[in-house]
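Biologist: I am new to this structure. Please take one part and go through it closely.

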2 protein chains.
Amino acid sequence: MADLDEADDSNSRADQAAERLRRMLITGDLVPGQRLSETVVSERLGVSRNTLREAFRVLTHERLLVHKPHAGVFVAVPSLASIIDIYRVRRLIECQALLTAPARHPASRRMRAAVDSALASRASDDWIAVGTANMEFHSAIVALADSDHLDRLYANISAELRLAFGLLDDPDYLHRPYVDRNVAVLELYLAGESAEAAALLEDYLLTSERTIVAAYARRLPA
Amino acid sequence: MADLDEADDSNSRADQAAERLRRMLITGDLVPGQRLSETVVSERLGVSRNTLREAFRVLTHERLLVHKPHAGVFVAVPSLASIIDIYRVRRLIECQALLTAPARHPASRRMRAAVDSALASRASDDWIAVGTANMEFHSAIVALADSDHLDRLYANISAELRLAFGLLDDPDYLHRPYVDRNVAVLELYLAGESAEAAALLEDYLLTSERTIVAAYARRLPA
DNA sequence: GCATATTTGTCCGTATGTATA
DNA sequence: CTATACATACGGACAAATATG
């Protein structure tokens with residue numbers, strides 16, 4: 001046979017459609033709560049309805065879409081409980097990964113590259129680039145745990161969180177204060193002070209959660 | 001509107017088909033590596049090919065099936081790396097959940113019920129019931145973290161692990177030694193000795209992993 | 001190594017039931 | 001409350017690719 005398993009997003013039309021929808025979701029091209037008609041989306045993406053339904057299945061499984069029986073699929077609206085849950089998971093996984101990571105793990109290079117990118121983007125006031133660099137930094141932290149399952153979980157969580165960010169305006173102040181903290185976390189880890197790095201990261205995530213929750217409550221008083 | 005969102009496994013035929021396949025997978029009715037023909041499975045489940053393909057998408061996304069383009073879907077054969085990864089995730093999540101759980105968490109009732117069930121099943125030498133009770137015990141531990149995301153991740157991991165167990169014969173000795181350990185872990189947690197409970201659980205998971213890995217290497221020398 | 005047969009990938013048409021205007 | 005629109009599910013069809021002899 002001599003096959004190597006999987007590049008999971010293969011070149012099937014359903015996978016392509018799912019990937020395109022995923023991009024539209026995290027870039028805010030599709031807004032939370034919006035209904036996605038099978039016919040119009042299938043025509044828009046140039047795939048059949050059957051193929052689109054396969055894509056809908058996986059995105060629903062990723063919690064990016066919600067499925068109301070006989071009423072269609074809608075872009076998920078992240079609940080406050082879901083946001084709190086996400087931060088709970090982030091604290092548990094990221095801090096533990098940082099705490100128990102061996103020194104000079106390959107993923108530390110990704111962390112370094114991410115903070116460098118964030119610093120450069122901040123210098124040019126490109127806040128959305130800062131945001132993606134920040135997310136890459138945290139993804140690299142998770143990679144310290146050397147676990148495919150955790151990497152995949154974190155990818156899902158990140159996408160869901162970006163959906164929540166889409167509910168807020170002014171996404172810049174969601175990332176601005178944390179660039180310097182990322183630098184500090186990285187330096188502590190590289191210096192072998194894992195415990196201090198993890199403690200700083202936990203405090204970091206707690207304040208970040210507070211900021212988001214407050215902004216969320218401000219936007220949606222209902 | 002007055003809708004409440006989601007029971008995720010709705011009553012759609014695709015979800016029903018996925019659930020039936022999921023059961024066949026964890027009960028060993030479908031063996032790892034086996035190819036699943038679209039036509040024969042769709043006839044067997046009484047659904048159309050298009051509907052079955054939606055179910056395949058979901059199960060593939062859960063890593064229970066693997067998809068080879070233009071060659072069909074196969075029951076996943078858990079790799080040694082995957083098993084090691086699963087135990088890494090279990091140690092990280094379960095120990096942390098146990099360590100940081102508040103006293104008298106509602107899920108502790110589930111833990112108690114699971115150990116009682118395991119003890120009863122062991123008394124009657126029903127080892128598969130012991131196995132399911134053990135899994136329920138660990139699932140309850142994860143529930144201590146109060147996180148939907150972690151609960152879902154753990155459900156996936158459990159199913160994947162059962163697939164790996166299917167590769168081994170004599171599944172009894174995989175669960176027999178751990179019933180008493182579960183009791184000890186529960187008692188320590190209920191006594192407020194979370195740190196000791198977590199330490200015992202970690203050692204527990206490490207020896208369990210060693211056992212499985214050894215059995216796995218013994219069965220499949222290739 | 002090559003030709004063939006089987007299976008997947010994808011689409012369309014259609015019938016039925018459900019939710020919404 | 002009726003009617004329309006849409007999701008749900010099915011079966012058939014064809015092209016492309018893989019697997020088999």
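Modeller: In strand E3 (residues 72-75) of chain A, side chains alternate between two faces: Val73(A) and Val75(A) are buried on one, while Gly72(A) and Phe74(A) point to the other and are not buried. In a regular strand, side chains alternate between the two faces of the sheet. Buried means that 20 or more other C-beta atoms lie within 10 Å of the residue's own, exposed that 12 or fewer do, and partly exposed is in between, with C-beta atoms placed from the backbone. Strands (E, at least two residues) and helices (H or I, at least four) are DSSP runs, numbered from the N terminus.

This is a predicted model: local features need pLDDT of at least 70, side-chain atom pairs count only at pLDDT 80 or more, and totals for chains, interfaces and linings use all residues. Residues are numbered from 1 along each chain as its sequence is written, and chains are lettered from A and ligands numbered from 1 in the order in which they are written.

E3(A) pairs with two strands, where pairing requires that DSSP finds at least two bridges between them. Strand E1 (residues 35-36) of chain A runs antiparallel to E3(A) over two bridges, and Leu36(A) has Val73(A) as its bridge partner there. Val73(A) is thus named twice, as it is also one of the buried residues. On strand E2 (residues 65-68) of chain A, four bridges make an antiparallel pairing with E3(A), in which Lys68(A) is the bridge partner of Gly72(A). E2(A) and E3(A) form a hairpin with three residues between them. In that turn, His70(A) has a positive phi of about 65 degrees.
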